[in-house]
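User: I would like to learn how to read a model of this kind, feature by feature. Could you take me through it, giving the general idea before each case?

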Amino acid sequence: PTTPRSGEALQYTLSFANHAPATAAGVTISDTLPAEVSFVGFSASLDSGVVITLTGAAPDLVWQVSPL
């Protein structure tokens, strides 16, 4: 991968899955952005019925995930 320059857009992917036979509830995903990075937004590609909600604020991003 190349190193982005100041002012350039940066995109990265966080992936998660439940491979257990039971439903996972109370799932939280967190990520702390480096000081040099500004959070612009997020998009999600999810299985039907799964909802993800951003509850934290940059630089400490937190997403709550509905049961999966």
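User: Which residues lie nearest the centre of the largest pocket, and how many residues line it?

Analyst: Bear in mind that this is a predicted model. The largest pocket is lined by 34 residues, and those nearest its centre are Tyr-12, Thr-13, Leu-14, Phe-42 and Ser-43. The space in this pocket comes to about 1,000 Å³.

User: How do the lining residues of that pocket divide into nonpolar, polar and charged?

Analyst: The lining of the largest pocket holds 20 nonpolar residues, 10 polar ones and four charged ones.

User: Which residues make up the largest nonpolar core, and which strand gives the most to it?

Analyst: The general idea is that nonpolar side chains tend to be buried together in soluble globular proteins. Here the largest nonpolar core consists of seven residues, namely Ile-29, Leu-33, Val-50, Ile-52, Leu-61, Trp-63 and Val-65. The most is given to this core by β3, with three residues. Taking Val-65 as one of the core residues, its contacts beyond four places in sequence are with Phe-16, Val-27, Ile-29, Val-50, Val-51 and Ile-52.

User: Is Ser-66 buried or exposed, and what does its side chain reach?

Analyst: Ser-66, which is found in the segment after β3, counts as buried because its relative accessibility is 18%, under the 20% cut-off. Its side chain reaches the backbone nitrogen of Val-51 at 2.8 Å. When residues up to four places away in sequence are not counted, Ser-66 touches Ala-24, Gly-49, Val-50 and Val-51.

User: Why do Val-40 and Gly-26 count as exposed?

Analyst: Exposure is judged by relative accessible area, with exposed meaning over 50%. Val-40, in the loop between β1 (27-32) and β2, counts as exposed because its relative accessibility is 81%. Gly-26, in the segment before β1, is exposed because its relative accessible area is 67%.

User: How far apart in space are Val-40 and Ala-58, and Gly-26 and Leu-10?

Analyst: Val-40 and Ala-58 are 18 residues apart along the chain, and their C-alpha atoms are separated by 9.3 Å. For Gly-26 and Leu-10, which are 16 residues apart in sequence, the C-alpha to C-alpha distance is 29 Å.

User: What kind of peptide bond joins Ala-58 and Pro-59, and where is Pro-59 placed?

Analyst: As a general point, most peptide bonds are trans. The bond joining Ala-58 and Pro-59 is a cis peptide bond, with omega at about 5°. Pro-59 has its place in the loop between β2 (52-54) and β3 (60-65).

Conventions: Residues are numbered from 1 along each chain as its sequence is written. This is a predicted model: local features need pLDDT of at least 70, side-chain atom pairs count only at pLDDT 80 or more; totals for chains, interfaces and linings use all residues. Side-chain values use heavy atoms; hydrogens and water are left out. On a 1 Å grid over the protein atoms alone, a cavity is a set of points where a 1.4 Å probe fits but cannot get out, and a pocket is an open set with protein on both sides within 12 Å along at least five of seven lines; lining residues have an atom within 4 Å of a point. Grid points are joined across faces, edges and corners, and a volume is the space filled by probe spheres set on the points. Ala, Val, Leu, Ile, Met, Phe, Trp, Tyr, Cys and Pro count as nonpolar, Asp, Glu, Lys and Arg as charged, and the others, Gly among them, as polar. Helices (H or I, at least four residues) and strands (E, at least two) are DSSP runs, numbered from the N terminus. Buried means under 20% relative accessible area, exposed over 50%, partly exposed in between (1.4 Å probe, protein chains only). A polar contact is a pair of N or O atoms within 3.5 Å; within protein, one must be able to donate a hydrogen and the other to accept it, and residues adjacent in sequence count only if both atoms are side-chain atoms. Contact means heavy atoms within 4.5 Å. A nonpolar core is a set of buried Ala, Val, Leu, Ile, Met, Phe, Trp, Tyr and Cys residues joined through side-chain atoms within 4.5 Å.
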